[in-house]
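Reader: Hello! Could you walk me closely through one chain, starting with its backbone and then moving outwards? I would enjoy one connected account.

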Amino acid sequence: MLFSSTIFIFIFLPILLLIYYIIPKRFLRLRNLILLLFSLGFYAYGEPKFIIIMILSIIGNYIFGILIDKYRNKRLTITTGITFNILILVIFKYLNFIIYNINNVFEVIGITNFNIKQTAIVLPIGISFFTFQAISYLVDVYRRDVEVQKNPFYLGMYISFFPQLIAGPIVRYSDINLAITNRIETVDKFNVGIKRFIFGLGKKVIIANNMALIADYAFSSGINSTTAMAWLGAIAYTLQIFFDFSGYSDMAIGLGKMFGFDYHENFNYPYISKSISEFWRRWHISLGSWFRDYVYFPLGGSRVDSKVKLVRNLFIVWLLTGIWHGASWNFIFWGLMYFILITFEKLSGYPDKFKYEISKFLYRIFTMLSVIFGWVVFRAKGMTAAVSYLKNMVGIGTKSFWDYSFLEYFMENRVILLAGILLSIPIITYFKEKLRIKNFYFTKSIEYISCGIILIISVSYLVIESYNPFIYFNF
Amino acid sequence: MVNINGGFKKIIGEKIVNGAILGSENNLYLEKKTINDLDYEKIDKNINYTKLILEYGNKNGINTLFVQEPDKYKEEEEYLPYNKKIYEVDSNEYWINKLSRDGSNILDLREEKYNADLFYKTDHHWTNEASLNAGKAILEEFGLESKTCDIGNYEKQEFQKVFLGSLGIKTGKYYIGKDNFEIFEPKFETDLEGSFQTLDGTIINKNGDFKSTFIDEEKLHDDEYNNKYSVFLSGGIIENIIINNLAENEEKLLVISDSFAKPMVQGLSLSFRETRFIDPQEGRYNKSCIEYIKEYKPDYIVVMYSRDYDENMIDEDFIKYENYLFGMSE
């Protein structure tokens with residue numbers, strides 16, 4: 001089930017809110033049980049058989065949490081717990097990729113009569129998110145950052161809670177453990193949650209889905225592509241992935257607020273970044289901080305005694321970041337691209353070392369171009385397609401500079417393209433702050449009217465159009 | 001929600017909306033027509049079956065005529081944005097060329113002189129006025145008196161902004177608004193009996209004058225009902241039988257066509273004792289047309305197809321065609 005679907009907006013959510021708030025606040029356990037059951041139902045809706053994996057994860061991590069807390073001096077328990085989660089991930093997400101590459105290696109070294117058969121295992125939705133959440137819980141218990149959760153239902157609620165289940169943000173147990181047993185739901189918070197949800201819905205349905213139409217066409221054009229279409233497709237995908245993912249995060253944060261939970265922000269206008277390092281402090285913040293806290297820092301981070309170790313640590317983090325995003329070489333190359341760029345920034349000190357504003361400005365453009373080219377690698381179906389697309393962007397392998405298809409896709413989507421570009425920068429925040437100084441009620445009215453309009457238009461898109469892809473569902 | 005969606009897309013300047021394309025002069029066209037999916041093997045089969053009907057008619061002394069409907073989609077492409085091409089225009093030419101090469105009697109209503117090239121902005125159908133002009137052209141082609149289809153002998157009743165056609169329902173009413181819709185009623189006396197079979201198989205029997213027999217007044221005056229084109233023939237489409245009690249002859253007309261014939265047979269029926277109209281598209285009249293002719297024994301046959309029709313004719317009919325091909329000597 002998607003947040004951006006009529007069944008979620010008009011059936012699942014209203015029923016859940018009704019049941020949840022009918023239960024008196026003093027029966028918090030019952031409320032939590034309802035959230036758990038609805039979360040499991042939410043997950044089971046798309047593919048009922050995946051619920052077994054979810055339940056397995058909950059039971060396994062519950063047991064490991066208890067064991068880690070009991071046998072704190074034994075590293076075996078934490079290692080086994082982490083391995084348990086990694087194993088789930090490897091089996092369901094990476095096994096076929098591993099098999100494929102082993103078979104390739106055998107073929108290259110001349111062993112042609114040995115071929116491991118690919119499995120029929122299907123990727124469970126959100127597995128990368130909830131396994132990482134589970135790992136963070138176990139490590140935090142081990143580090144004594146949090147108390148172990150002895151109520152399996154509460155732990156189950158943390159791991160499976162539907163707002164963040166399928167596409168993040170990756171919520172730390174420490175961020176919500178208190179809220180599980182003692183949270184405050186207020187009308188104001190609820191209103192903020194609704195507004196956040198609606199804005200997220202608009203980002204996803206109105207902007208991301210329309211950009212997807214351009215990107216899908218551009219990336220499937222092949223030899224019929226033009227240079228202009230290649231650039232339009234790359235820019236469209238850059239906007240699509242941002243509004244798709246940040247929109248979903250907005251909806252998750254908004255939903256959390258409706259039930260009294262406060263999640264951290266997952267995006268902070270990443271496309272205004274002045275450097276690659278800054279980009280990764282603004283993009284998918286929960287993932288970046290997860291790798292920082294659970295991989296980079298344990299390896300020593302940047303406080304190591306040699307540059308070799310620093311580079312090693314960065315390599316591991318960015319290799320894993322690439323792998324986390326998908327079982328395909330282009331994701332790995334995408335991750336390693338950022339390894340190279342970030343290593344350069346860390347070792348050189350640029351762009352902070354630039355003396356002149358023009359240099360900083362040019363580096364900013366370089367950053368944005370790197371991000372866009374990176375998204376091309378991310379989006380393409382394999383490295384060959386990625387290289388071919390990148391060549392198209394510089395005029396190699398295209399039939400012409402532009403054609404009527406480019407004109408059609410550009411003109412049909414020019415308003416949404418412009419809106420996407422403008423909304424990628426904190427322009428609304430700027431105007432909101434300006435207006436708030438002058439007239440509080442006016443800004444509030446604008447907010448509510450905007451919410452209403454965005455909701456109606458978004459629902460009209462959902463009702464009309466069956467095209468509603470969600471990129472980060474593959475993770 | 002369709003209306004809101006279409007209204008929003010109008011505001012942001014989209015010209016391709018939910019499967020419809022906004023062309024010049026605020027006309028809507030079907031986006032699907034810009035895809036080259038013509039199946040010439042199937043088209044050839046349909047042309048052959050059409051020829052069979054025409055040959056059978058001619059062989060049995062029936063005046064037969066193939067009528068090429070006017071086409072909202074023209075050969076020149078400037079009326080569509082982004083240099084889009086309409087492929088079925090090629091199909092129409094293909095039909096005409098093949099049929100005329102084999103000596104079939106053809107009336108091409110695409111010619112400007114027939115003034116049948118009038119279309120609704122939000123629909124794929126021609127206007128009521130165009131259909132009357134077409135009826136007049138057909139009668140003249142048959143060498144018959146055409147006053148029953150002369151627009152000068154009709155009173156026009158126009159309804160403002162009431163018709164949201166097959167393309168308009170894709171974009172919603174806020175995209176380009178609704179079409180005006182007109183009903184033509186003869187100034188002369190009429191007395192008719194009609195049996196109209198609707199799409200769900202229901203047979204509606206009506207009698208009286210022209211308007212009370214042919215026009216579904218309930219739908220015509222219903223503000224919530226958008227598809228005003230279906231008020232013609234009281235909603236009938238599959239098999240429609242019209243008896244003209246004031247006919248000056250005892251002749252019978254058979255029209256084998258699609259929904260373009262709905263308003264057209266209303267006027268034509270005033271020149272014949274009995275008029276029947278069958279729509280052989282899939283899910284409509286799907287028995288053998290040849291058998292129908294054999295049983296009905298019309299004096300005149302009009303075969304009129306549109307670009308969609310040629311891809312909808314069912315194979316079952318064609319199997320019978322192959323049987324007749326070998327039985328043509330009977």
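**Chain A, from backbone to interface**

Author: Let us begin at A:P351, which is found in the loop between α14 (329-348) and α15 (357-379) of chain A; helices here are DSSP runs of H or I with at least four residues, strands are runs of E with at least two, and both are numbered from the N terminus. Please keep in mind that this is a predicted model, in which local features need pLDDT of at least 70, side-chain atom pairs count only at pLDDT 80 or more, and totals for chains, interfaces and linings use all residues. Residues are numbered from 1 along each chain as its sequence is written, chains are lettered from A and ligands numbered from 1 in the order in which they are written, and side-chain values use heavy atoms, leaving out hydrogens and water. The score pLDDT is the predictor's confidence in each residue, from 0 to 100.

Back to the loop: the peptide bond joining A:Y350 and A:P351 is cis, with omega about 5 degrees. A cis bond also runs from A:G168 to A:P169, with omega near 5 degrees, and A:P169 belongs to the loop between α7 and α8 of chain A. A further backbone point is A:H284, a non-glycine residue whose phi is positive, at about 40 degrees; A:H284 is placed in the loop between α11 (276-282) and α12 of chain A. For context, most residues other than glycine have a negative phi, and most peptide bonds are trans.

The loop between α7 and α8 has something else to show. There, the side chain of A:R172 forms a salt bridge with that of A:D293 (2.8 Å, N to O), the term meaning a side-chain nitrogen of Lys or Arg within 4 Å of a carboxyl oxygen of Asp or Glu. Because A:D293 lies in helix α12 (residues 285-296) and A:R172 in the loop between α7 (162-165) and α8 (173-181), the pair ties together parts that are 121 residues apart in sequence. Over all chains, the whole structure holds 28 salt bridges.

Stepping back, chain A has 20 helices and zero strands. Its radius of gyration is 23 Å, close to the 23 Å that the globule rule gives for 475 residues, so chain A is as compact as a globular protein of that length (the radius is taken over C-alpha atoms, and the rule is 2.2 Å times the number of residues to the power 0.38). Along the principal axes, the C-alpha atoms of chain A fill a box of roughly 65 × 65 × 50 Å.

Now for the side facing chain B. Chain A brings 18 residues to the contact and chain B brings 15 residues, contact meaning heavy atoms within 4.5 Å. About 1,500 Å² is buried between the two chains, and carbon and sulfur atoms give 63% of that area; buried area is the accessible area (1.4 Å probe) that two parts lose on being put together, summed over both. A:E408, A:E412 and A:I464 supply 38% of what chain A buries against chain B, more than any other three residues. A:E408 also meets B:K84 in a salt bridge between side chains (2.8 Å, N to O), and the rule finds one salt bridge across this interface. The elements giving two or more residues to this side of chain A are α9 (187-220), α17 (404-412), α18 (414-423) and α20 (440-464). Of these, α20(A) gives the most, with seven residues. The model scores ipTM 0.86 and pTM 0.88.
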